[in-house]
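Reader: I should like to study this protein by asking about its make-up, its interior and its empty spaces. May we proceed step by step?

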Amino acid sequence: MHSLPLITTLVLAFGLALVFGFLAERFGRAPALVGFLLAGIAAGQHTPGPFADPELAHQLSEIGVMLLMFGVGLHFSVRDLMSVKGIAIPGAVGQMALATLLGAVAAHWFWDWSWGAGIVFGLSLSCASTVVLIKALEVRGQLTNRDGRIAMGWLVVEDIATVLILVLLPPLSGLLGAPGSETAGGNELMKDILMTLVNVAAFIAVMFIVGRRAMPWLLYQVAKTGSRELFTLFVLAAALGVAYAAAAIFHVSFALGAFFAGMVMRESRFAHRAATESIPLQDAFSVLFFVGVGMLFDWHILIEAPGQVLVALLVVVFGKSLAAFGIVLLLKRPLKTALTVGASLAQIGEFSFILAGEAVALGLSDNRMVNLIVGAAILSIALNPVLFELTGRVEKLLVNRWAWARRAAEIGAEETVEEERPDTSTRPIFMAGDGPMVLDLARRWRKSGMKPVVLTTHHEVAQELEKAGVDYVECEPDDATTLENAGLGKALSYLIFANGAETLRYHAVAERIAPNVPFMIVADDPGVWVDIAEKEGSKVRLLTTGELIEGKLWEVVLRSAFRKQAEEGAQKQNAPEGASDKAESAAQIVQN
């Protein structure tokens, strides 16, 4: 077994994760990731029985972090990131400072640690886990909404700040009390800070200037070959290669490198397909991340120092959350946003372990700090889903009790209305079908400035769409994961060019992913929808091919999107006479 450490590690990790994850979901009514953490403890060297290689597990979990961050980057645009800089930068810096202070005071006053060890301990508790946050937001469908963008931007700032801290920790170790270490001089320290900032800026500049043009072009060239294997290989090579280059050349983290790789690749019209291709790998390696965290944990710390573990947990779950909650409210953001960000940051992960390990290597502390941090990480990760579930109840409680909470909630209501207002100039129209009418309409709408996205199961149709410059996804219309990654939730409408029994399944999947998107069956006869669509309260609309060409689609879409305003506007404006006139008609109705 020792001659095959990689296979042994994978077998133990995946096998135990499956067993413990199933038990957690089926009988413990807990998220599967709790089972993954327990699987890591079982596979670790601190538990009797066979154990996996911790170093290999750590490297495999790093791959999981890269792939997850790459996937998140594919859903984020530069505009999304810049739109939250006003809250993410001051919020992350302020929250890290407060959490560091809480951790340092607790370690120095309660446990008689040196201030240097306490500061590193506080810093380790101050940074949240990107992997845990992504999983939490994905489950709740909040990854790309306003609150999700703020939370992700917050963690990007934390990531950059932690990279800077890791660079500065060795030259400052003497000042922090590490034995045998000398404090760097002022000039040398400023040089280190400047070099770190220059490296980060250089990496971002290279990605935005070179990568933003090169990577979408390369992805297009690979997609033109028609080889699914080459396409998947390019996505994997881009995610891991850029992440590795970022760390090796620019000395930034793997996670940050992979995130920016995904952001620049988002400029390609094949971004949704790239996201879909990487999902199985993301899922598999993210499991290894949680297993790797569990493997680090020496459970004896719960017996030897339960009070210290509890203090660390309280700093993470309550100290960080309350700090983030207060900062968000001070920045005049909605109450719901403050609660979501607070819950998002009530856990710690990968960077916490790196900081603690660096402190041990420099002699600032011993393995007890690592165990405390890993213990707090496991418990906070397990509790994180519970905190997210409680945000709704806490919001109601605060609103019912205090006037300041009601004022903050009203800010949220105003911003939500503004955020949900549809933008007909950028939102796509999803079409599922393979017939000549689908191709013809997609070409015409593409030429008129709209954004059709065709779901097709035929490679020949996909090639025709590619020649016409139309976005497409090769998938079954009931593939929920692919539809979600392709952006169905932001669609202007969803048209199915079929009327058979399978469309019932398509509608069920679409309604779960995008309940507010108008769903339309396009066929010359209603088929299985003859009674269903006519029921009171049904959101399904039936259109014949003739009505679609005459422009009825735009009336239905705009009535659904703008509700009462669109109805009033539609009464004042004539319906479009043909599909080519739809852009002008839509603009008129929107204006009204």
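Author: Let us begin with a definition: Ala, Val, Leu, Ile, Met, Phe, Trp, Tyr, Cys and Pro count as nonpolar, Asp, Glu, Lys and Arg as charged, and the others, Gly among them, as polar. Please note also that this is a predicted model.

Reader: How do the residues that line the largest cavity divide into nonpolar, polar and charged?

Author: The lining consists of C127, A128, T130, L155, E158, D159, T162 and F351. Under the definition just given, Cys, Ala, Leu and Phe count as nonpolar, Asp and Glu as charged, and Thr falls among the others, as polar. The lining therefore divides into four nonpolar, two polar and two charged residues.

Reader: Which helix gives the most to the lining of the largest cavity?

Author: A search of the whole structure finds one cavity of 30 Å³ or more, and about 40 Å³ of space lies in the largest cavity. With four residues in the lining, the helix that gives the most is α8, residues 146-176.

Reader: How many residues line the second largest pocket, and how many of them are nonpolar?

Author: This pocket has a volume of about 370 Å³. It is lined by 15 residues, and S321, L322, L339, L387 and V394 are the closest to its centre. Two or more lining residues come from each of α14 (306-330), α15 (335-344) and α17 (367-401). No charged residue is in the lining, three are polar, and the number of nonpolar residues is 12.

Reader: Is S321 buried or exposed?

Author: S321 is found in helix α14. Not counting residues up to four places away in sequence, S321 touches V316, G342 and A346. Its relative accessible area is 12%, and because buried means under 20%, the term for S321 is buried.

Reader: What are the totals for helices and strands, and what share of the residues counts as buried?

Author: The secondary structure comes to 25 helices and six strands. Among contacts between residues at least 6 apart in sequence, 72% join residues at least 24 apart. Of the 592 residues of the protein, the share that counts as buried is 52%.

Reader: Which residues have the most contacts inside the largest nonpolar core?

Author: In soluble globular proteins, nonpolar side chains tend to be buried together. Here the largest nonpolar core has 149 residues, and helix α12 (residues 271-295) gives the most to this core, with 11 residues. Apart from this core lies another, of 22 residues, among them V453, A480, F519 and V540. Inside the largest core, the residues with the most contacts are F121 and W154.

Reader: Leaving aside neighbours within four places in sequence, what is W154 in contact with?

Author: Contact here means heavy atoms within 4.5 Å. Once its neighbours within four places in sequence are left aside, the contacts of W154 are I87, A88, G91, A92, Q95, A324, I327, V328, V341 and L345.

Reader: What kind of aromatic pair do W113 and F121 form?

Author: The count comes to 13 aromatic pairs in the protein. In the pair of W113 and F121, the rings are 5.5 Å apart, centre to centre, with 75 degrees between the planes. W113 is buried, with a relative accessible area of 14%, and F121 is buried, with a value of 0%. Because planes over 60 degrees apart count as edge-to-face, the pair of W113 and F121 is edge-to-face.

Reader: How many residues apart are F203 and F260?

Author: F203 and F260 form an edge-to-face pair, 5.9 Å centre to centre and with 90 degrees between the planes. F203 and F260 are both buried, and they belong to one aromatic cluster with F208, F250 and F259. The pair links distant parts of the chain, with F203 in helix α9 (residues 186-224) and F260 in helix α11 (residues 254-265), and the separation is 57 residues.

Reader: How far apart in space are S268 and P216, C-alpha to C-alpha?

Author: S268 has its place in the loop between α11 and α12, and S268 is buried, with a relative accessible area of 9%. Leaving aside neighbours within four places in sequence, S268 is in contact with P216 and L219. S268 and P216 are 52 residues apart in sequence, while their C-alpha to C-alpha distance in space is 4.7 Å.

Technical notes:
Residues are numbered from 1 along each chain as its sequence is written. This is a predicted model: local features need pLDDT of at least 70, side-chain atom pairs count only at pLDDT 80 or more; totals for chains, interfaces and linings use all residues. Side-chain values use heavy atoms; hydrogens and water are left out. On a 1 Å grid over the protein atoms alone, a cavity is a set of points where a 1.4 Å probe fits but cannot get out, and a pocket is an open set with protein on both sides within 12 Å along at least five of seven lines; lining residues have an atom within 4 Å of a point. Grid points are joined across faces, edges and corners, and a volume is the space filled by probe spheres set on the points. A nonpolar core is a set of buried Ala, Val, Leu, Ile, Met, Phe, Trp, Tyr and Cys residues joined through side-chain atoms within 4.5 Å. Buried means under 20% relative accessible area, exposed over 50%, partly exposed in between (1.4 Å probe, protein chains only). Rings of Phe, Tyr and Trp (its six-membered ring) pair if their centres lie within 6.5 Å; planes under 30 degrees apart count as stacked, over 60 as edge-to-face and the rest as tilted.
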